[in-house]
Amino acid sequence: MSAAITSFAPELLAWFRQHGRHDLPWQHPRSAYRVWVAEVMLQQTQVVTVIPYFERFVTRFPDLASLAAAELDEVLALWSGLGYYSRARNLHRCAVMCVAAHSGQLPDTFEALSALPGIGRSTAGAMLAQAHGQAHPILDGNVRRVLARYHAIDQWPGAPAVQSRLWALATAHTPERQVCDYTQAIMDLGATVCTRSRPACGQCPLAGGCAARAQGLAGALPIARPRRVIPDRHRYWLLINDEAGRILLERRPPRGIWGGLWSFPEQDAAPVHMPGPPLAEVQHSFTHFRLHARVVCATLDCSATQDRDTAWFGPAELHALALPAPVRRLLLDQLPGITT
Ligand code: SF4
């Protein structure tokens, strides 16, 4: 085994003892359930954003049984603002499945864990390493960046062949012992030292063996995803009030963007009777398209509200609803007068 492989874990672990994060809420206590919730929240989201969501979530749902028994609406409401809502739906489905098929416990084997919805290879590895000390590699965004730089991989890490190579390297680096600390250490290094822009190579415990640093490529790697043109989608969001000052919202279909969340009734074209100019315009980028929504006043009898899952809500009820972040901002911050 090359020196670049053998020195990697010991150097990282020595650094972690002094500089790693030892006080994250899911580390105390580090139960399988808490590690799971944290790992799912951390997919595509930074630690600092996750912490308050995690604390609220485990206060309301302290274990698998309480989560499985909850209404999906309440789970989505606690997730509201964190984005990527399929994670919350999968979390809830998983809890229900574990109660039904795994005696109310999360499984502790890779095969059983990764068969559950929303638990991919990296999440399963992180859960087994952190909750059970089993030696499984992880490859989240932070780890991918560290490995792509350390081994000076000059191709886009999302390409399947590069992905396989990175998994092989992640496996080779993962130690048999202290795997829980190692897993946290490599995530911490990526988040605090080997950061996306301006990596702090001068403070890095891996600097001696890092190929990107030796070749002056640290700032240029990893290679960015080849550019794609993202289409624009234009929609109208209908603001419909009743005489009591309540607002009509529509629950979005369970699958797709913002599935299961409450939003304005939406349509492609402007309503026929539009009493005035748009009250607000919203832009929101998804992976596959950019949404441009115009919020316009409309009447209850417009066709967009027929045969839809709609309900009226008063101002006091909006806070507890599962709302997509831009809708929450509009209703609670930008247009608070519209529901009174
Ligand atoms: S030396 Fe620099 S580029 Fe290499 S792993 Fe450390 S921080 Fe990242």
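Is Q178 buried, exposed or partly exposed? With a relative accessible area of 44%, Q178 is partly exposed, since buried means under 20% and exposed over 50%. Welcome to a quick tour of this predicted model, which takes in the overall fold, two nonpolar cores, the ligand site, a few helices and some unusual backbone spots. The protein chain holds 15 helices and seven strands, and 49% of its 340 residues are buried.

**Overall picture**

- Taken along the principal axes, the C-alpha atoms of the protein chain fill a box of roughly 75 × 50 × 35 Å.
- Among contacts in the protein chain with a separation of 6 or more, 67% are between residues 24 or more positions apart.

**Two nonpolar cores**

- In soluble globular proteins, nonpolar side chains tend to be buried together.
- Here the largest nonpolar core counts 63 residues, and the ones with the most contacts inside it are W36, F57, W237 and L249.
- Helix α3, residues 32-42, gives the most to this core, with eight residues.
- Apart from this core lies another one of 36 residues, which includes L13, Y150, A185 and C210.
- W36 is a good place to start looking: leaving out residues up to four places away in sequence, W36 touches L64, L67, L91, C94, A95, L106, I119 and M127.

**The ligand and its surroundings**

- The space taken by the ligand is the largest cavity.
- Around the ligand you will find R149, C194, P199, C201, C204, A207, C210 and A218.
- By type, this shell divides into seven nonpolar residues, no polar ones and one charged.
- The charged one is R149, because Arg counts as charged while Ala, Cys and Pro count as nonpolar.
- C210 links two topics, as C210 belongs to the core of 36 residues and is also one of the residues around the ligand.

**Helix α10**

- Helix α10 (residues 141-150) is largely enclosed by the rest of the structure, because seven of its ten residues are buried.
- The buried residues of α10 are V143, R145, V146, L147, A148, R149 and Y150.
- Among the elements that cover these buried residues are α1 (3-6), α2 (8-19), α11 (160-173), α12 (179-192) and α13 (211-214).
- Two residues of α10 appear elsewhere in this tour: R149 is around the ligand, and Y150 is part of the core of 36 residues.

**Helix α15**

- In helix α15 (residues 325-334), the buried residues include A325, P326, V327, L330 and L331.
- An α-helix has 3.6 residues a turn, so residues three or four places apart point the same way.
- The cover over the buried residues of α15 includes the strands β1 (232-239), β2 (247-251), β3 (262-263), β5 (280-285) and β6 (290-297).
- Helix α14 (315-318) also helps to cover the buried residues of α15.

**A buried asparagine in α7**

- N90 sits in helix α7, residues 86-101.
- With a relative accessible area of 18%, N90 counts as buried, because the cut-off is under 20%.
- Setting aside neighbours within four places in sequence, N90 is in contact with P117 and G118.

**Cis peptide bonds**

- The peptide bond from H28 to P29 is cis, with omega near -5°, and P29 is found in the loop between α2 and α3.
- H28 is found in the loop between α2 and α3 as well, and H28 counts as exposed at 51% relative accessibility.
- Not counting residues up to four places away in sequence, H28 touches H22, D23 and R34.
- A cis peptide bond also runs from L221 to P222, with omega near -5°.
- P222 lies in the loop between α13 and β1.

**Positive phi outside glycine**

- Q178, the residue of the opening question, is not a glycine, yet its phi is positive at about 55°.
- Q178 is found in the loop between α11 and α12.
- W258 has a positive phi near 55°, again in a residue other than glycine.
- W258 lies in the loop between β2 and β3.
- Whereas Q178 is partly exposed, W258 is buried, with a relative accessible area of 7%.

Key
Residues numbered from 1 in each chain as written. Predicted model: local features only at pLDDT ≥ 70, side-chain atom pairs only at ≥ 80, totals over all residues. Heavy atoms only, no water. Core = buried A, V, L, I, M, F, W, Y, C linked by side-chain atoms within 4.5 Å. Buried < 20%, exposed > 50% of the residue type's maximum accessible area, 1.4 Å probe, protein only. Helix = DSSP H or I, 4+ residues; strand = E, 2+ residues; numbered from the N terminus. Contact = heavy atoms within 4.5 Å. Near = heavy atom within 4 Å. 1 Å grid on protein atoms, 1.4 Å probe; cavity = no way out; pocket = protein on both sides within 12 Å on 5 of 7 lines; lining within 4 Å. Sits in = over half its atoms within 2 Å of the grid points.
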